[in-house]
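The following exercises ask you to read a structure step by step, checking each claim against the model as you go. Work through each task before you turn to its solution.

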Amino acid sequence: MKIDITEMSEKLARDPSISDYDFWRTLKNLNNEIFDIANNNDPIPMELIRWRAVLAKASSKRKIR
């Protein structure tokens, strides 16, 4: 399933039920998962790359560091 990064990041950034901490923690977990996969010399699934882009964009819209 292909996701629209801009559309999904807009929805997530506007969702009041998701805290800034949720964004930060999820992005950190996702980055750790990608690192582990890369460290094992396995191919990184494109869905993980897309979701990382969505979360990073949504976080920046909320001005989360």
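**Exercise 1.** In this predicted model, determine how many aromatic pairs there are, and describe the geometry of what you find.

*Solution.* The count comes to one aromatic pair. The partners are Tyr21 and Trp24, whose rings lie 5.7 Å apart from centre to centre with 40 degrees between their planes, an arrangement that is classed as tilted. The class follows from the angle, because planes under 30 degrees apart would count as stacked and planes over 60 as edge-to-face. Turning to the sequence, Tyr21 and Trp24 are three residues apart in helix α2, so that about one helical turn separates them. Trp24 is partly exposed, with a relative accessibility of 35%.

**Exercise 2.** Establish which residues of α3 are buried, and work out how they are placed around the helix and what they pack against.

*Solution.* Begin with the helix itself: α3 covers residues 46-61, and its 16 residues reach 23 Å from the first C-alpha to the last, which is close to the 22 Å expected at 1.5 Å a residue. The buried residues in α3 are Leu48, Arg50, Val54, Leu55, Ala58 and Ser59. Viewed down the axis of α3, these buried residues fall within an arc of 165 degrees, and they therefore line one face of the helix. The next step is to ask what that set meets, and the buried residues of α3 are found to pack against α1 (5-14) and α2 (20-39). For one residue in detail, Leu48 touches Leu30, Glu33, Ile34 and Ile37, when residues up to four places away in sequence are not counted. Just after α3, Lys63 takes a positive phi of about 65 degrees.

**Exercise 3.** Identify the elements that give two or more residues to the largest nonpolar core, and say which of them gives the most.

*Solution.* The largest nonpolar core has 13 residues, and those with the most contacts inside it are Leu12, Phe23, Leu30, Leu48, Leu55 and Ala58. Two or more residues of this core come from each of α1, α2 and α3, and α2 gives the most, with five residues. Leu48, Leu55 and Ala58 also appear among the buried residues of α3, which links this core to the preceding exercise.

**Exercise 4.** Find how many salt bridges the whole structure holds, and trace which residues are joined into one network by shared partners.

*Solution.* A search of the whole structure finds five salt bridges, including the three followed here. In one of them, the side chains of Glu10 and Arg14 meet at 3.8 Å, N to O, which satisfies the limit of 4 Å. Glu10 and Arg14 are four residues apart in helix α1, and about one helical turn lies between them. Glu10 is partly exposed, with a relative accessible area of 29%, whereas Arg14, at 59% relative accessibility, counts as exposed.

Glu10 also forms a salt bridge with Lys61, the closest N and O atoms being 2.7 Å apart. This pair links distant parts of the chain, with Lys61 in helix α3 and Glu10 in helix α1, 51 residues apart. Lys61 counts as partly exposed at 33% relative accessibility.

A further salt bridge joins Arg50 to Glu47, with 3.2 Å between the closest N and O atoms. Both residues lie in helix α3, three residues apart, or about one turn of the helix, and Glu47 is partly exposed at 29% relative accessibility. Through the sharing of partners, Glu10, Arg14 and Lys61 are joined by salt bridges into one network.

Methods: Residues numbered from 1 in each chain as written. Predicted model: local features only at pLDDT ≥ 70, side-chain atom pairs only at ≥ 80, totals over all residues. Heavy atoms only, no water. Expected span 1.5 Å × (residues − 1). Buried < 20%, exposed > 50% of the residue type's maximum accessible area, 1.4 Å probe, protein only. Arc of directions from axis to C-beta. Contact = heavy atoms within 4.5 Å. Phe/Tyr/Trp six-rings, centres within 6.5 Å; stacked < 30°, edge-to-face > 60°. Core = buried A, V, L, I, M, F, W, Y, C linked by side-chain atoms within 4.5 Å.
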